Each structure stands twice: as C-alpha cells, then as structure tokens.
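Trainee: Could we go through this structure together? I should like to begin with the overall fold and then look inside.
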Amino acid sequence: MLQINPNLADLVSDAASSLLARLQSTATITAAAPGRVNLIGEHIDYCDGFVMPFAIDRYIVIAGCANGTSNARIATALGEEIATFDVSRQQQEGEPKWSNYIRGVVRGFQDRGHHIPGFDACILSSVPGGAGLSSSAALECATATFLEGLLDTRLDTKEKALLCQKAEHDFAHVPCGIMDQFASAFGKPNRLVLIDCQSGEPELVPFENPDLTVLIANTMVHHELSDGGYAARRKHTEEGLALLGKSSWRDVTAADVQANWSKLGEPVNRRARHVVGEIARTIDAAAALARNDFEALGPLMAASHDSLRDDFEVSCSELDTMVELARKIGRAGGVIGARMTGGGFGGSTVTLCESRKASEIATTLAAEYKKATGITPQIFASRPSRGAHLVG
Ligand code: GLA
C-alpha cells in the first residue's frame, strides 16, 4: 500500500523530454525544489513560534533554457495551457493562475534589480497539489533556483526563501508564514529544519534513526488556503495579541490567556490557547528529539492535533478520521504519533511510526479510511531530503 516516491533523476529526464516535446527546446538549466511535511508547530510560524518541518523527497522540477526573446514561455508536463509573459516588463498577476507563483518570483528578482532574459521552461511535479505539502512553496523555490541558474547568480538562502514568501503573499494572496519556503530552501538529507520564527533562523537538527518512519497520508480532500480560512486565523491571532497588549506571542503565557479569557472573547480566546500551547509543545518536542526520546513526540503530536481541531478549527472530518485510525492502531501496532500537517482544511496527516511496521500501518490506514469515507487516500513514507538546488 505504500506508494513509491518517484526518483528525482527520472523527474529531471522527464522534464527535459517534455520541454523538447512541448516547446521544442533543449534544457540547459534544471532546478529542483521539494515540498515539506511539518512534524509539529502548526499555525505558529506567523506567531513568532517554533516549527519543525523537513523537506520531503518529492520535488518540483523546472527544466529550461534562455530563448533569445523577451518572453517567458512555460509549459507543464500535465499539458496545461502554456503561460507566456513578457519578462522585460515589471511582472504583474495574470493568467493562467498557476503561473502567478512564477510571475511573483520573477518580480522578486526584478525588484532586486535583475534584468530577466526570455526563457523556455517545463515544469514537472511529484509533490501532490492541494495536499498540505507545500507544492506552491516548492514551485516558488524551484523558480527562484532556476532563475539563479539563468542569471548565473546565487542568492543567500534566507533571502531566497523570503523572496518566495513575498511572491506567495503578493501574487497568490495567501498571507503565509515562513515555514514552507524555509523548509524547501534549507532542507538537507537526514535533517529537520527547526525554525525559530521570531529570530528567523533555521537550525538543522539530525533526524536519521532508521527505526523510525514518517508516513504522509493524503486525505485527498482539499480546500484552498486562499479561500479565506487561513487569513481569518492569522487575523484572529493578531487581534488576540493586541488585546493582550503584547508585542510577541513568545511573551504570552497560558496563564495570561486564561486570565484574559472573556476579554479575548470567542473565538480569539481559543485561537490564543492554541498558539501558546503549540509553541510550548514544539519546544518540548525539540528538547525530546535532542535527547533521542522519540516516544515523547506521541502525546505532543496528539495534543497538537486536538488543539488544531477544537481550538484553532483548521481540521476537517477526513483529517480527524485519518488521525483517529492511526490512534486506533496505537503504540502496540507501531504508531508513535499522528496529527494533521500543514495549513489544514483538508490535506495530509503525518504519522510517526516504527519502520518495521510502516507498510502494515499504511495498508490498514488506507483500507479503513476507504471504508469510513469512500475515498482512496495516497500514503507514502518520506525522509528528510535535499532542499532547492540546481541539478547537474
Ligand atoms: C501553510 C503556510 C505556512 C504555515 C502553515 C500552518 O502551510 O504556508 O506558513 O502557516 O500553513 O502551520
């Protein structure tokens, strides 16, 4: 039942073949950037919290070349409409919608003073879209890396991640935090990207125990983050902080939230309880990992999910079902912890489990989820992988 992750080398050669077939061009530059999964620390990257994602071994690949004109022509291997836009002009939003992630990143480079020459490119992805695994950050980071190759320049990794985040804000209208772009840009094999979102500094934390496996279960249910639920949650947290009279969530305690419960009012009080609790849980999780105490992650992941479901209200019945099923398998069945991952409103769960039982757990989850919802999920294992890079 465990899906096999497509090999990056195969994606790269398929992207080059598609470029030739669709735009009659030969690839001279190829960039790859991964999606991410978050172990714990949800909806607190925009609250000065800590988050603990890693780059997964699923990539967006862009293969292309300069085309000697002032136009970018971009095809996807899925055969969607070819996006064409004049890169000698300052980029604005346009059609097709998926091209806005690329236009936004081109704009970021233009704002740094770069002149972008015309190019042909073809995009291929093994990051499931709408699955809460940051296919949009992967597309932004792959585009930025491709442009580095095209311009023969290198950005500082943090600057590159921030440029990509700005593209998401301005061209996709999702007021996201920094987690996804940092994970995609900074990811390393066998390392978690522990991010202190107050200082904006990532720390690469070892995560290489072969006895542990991270399973990602895509519920196949998808609600757009740009629908407004994400922005509304972010606004609640800003209102809460203002009502508490603090300048950072890092200075707020659980007791502060309790003492101001009615002043904060519904639902801001529950949103605040989530933020403060999730920051504490993520600090505890990082400490547990530092002492190799993986078992301690189980209860922390469980509490994180419950808080996202009840207080932050970003889960949905399918995510809850998948998590419940993992809980039912339980520690005796090899499950250490499970929770929803990413922005929510659909998407995926993350399950930390014993490697020797991973395949059996995936089979049970898939069968029981199908029985409960009628939907066939997509379940795969992932290890921390290399972040955005030029290939070859
Ligand atoms: C989305 C956003 C991230 C983060 C998560 C929730 O993935 O892009 O910045 O806020 O949701 O943790």
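Mentor: The following exchange covers the chain as a whole, one cavity and one helix. Please keep in mind that this is a predicted model.

Trainee: How many helices and strands does the protein chain have?
Mentor: The secondary structure comprises twelve helices and 13 strands.

Trainee: And what is the radius of gyration of the chain?
Mentor: The protein chain has 21 Å. That agrees with a compact globule, because one with 392 residues would have a radius of gyration near 21 Å. Along its principal axes, the C-alpha trace spans about 60 × 50 × 40 Å.

Trainee: What share of the residues is buried?
Mentor: Buried residues account for 58% of the 392 in the chain. As for the accessible surface, it comes to about 15,100 Å², and 51% of that belongs to carbon and sulfur atoms.

Trainee: Turning to the interior, how many cavities of 30 Å³ or more are there?
Mentor: There is one, and the largest cavity holds about 40 Å³ of space.

Trainee: Which residues line it?
Mentor: The lining consists of Ile62, Ile74, Ile102, Phe119, Ala121, Ile123, Thr143 and Phe146. Strand 6 (119-125) and helix 3 (135-151) are the elements that each give two or more residues, and strand 6 gives the most, with three.

Trainee: What is the make-up of that lining by class?
Mentor: Seven lining residues are nonpolar, one is polar and none is charged.

Trainee: A different topic: is helix 5 mostly covered or open?
Mentor: Helix 5 (residues 179-186) is mostly covered, with eight of its eight residues buried. Among them are Asp180, Gln181 and Ser184, as well as Phe182 and Phe186.

Note on methods
Residues are numbered from 1 along each chain as its sequence is written. This is a predicted model: local features need pLDDT of at least 70, side-chain atom pairs count only at pLDDT 80 or more; totals for chains, interfaces and linings use all residues. Side-chain values use heavy atoms; hydrogens and water are left out. On a 1 Å grid over the protein atoms alone, a cavity is a set of points where a 1.4 Å probe fits but cannot get out, and a pocket is an open set with protein on both sides within 12 Å along at least five of seven lines; lining residues have an atom within 4 Å of a point. Grid points are joined across faces, edges and corners, and a volume is the space filled by probe spheres set on the points. Helices (H or I, at least four residues) and strands (E, at least two) are DSSP runs, numbered from the N terminus. Ala, Val, Leu, Ile, Met, Phe, Trp, Tyr, Cys and Pro count as nonpolar, Asp, Glu, Lys and Arg as charged, and the others, Gly among them, as polar. Buried means under 20% relative accessible area, exposed over 50%, partly exposed in between (1.4 Å probe, protein chains only). The radius of gyration is taken over C-alpha atoms; the globule rule is 2.2 Å times the number of residues to the power 0.38. Accessible areas come from the Shrake-Rupley method with a 1.4 Å probe; for residues, only the protein chains shown count as cover.
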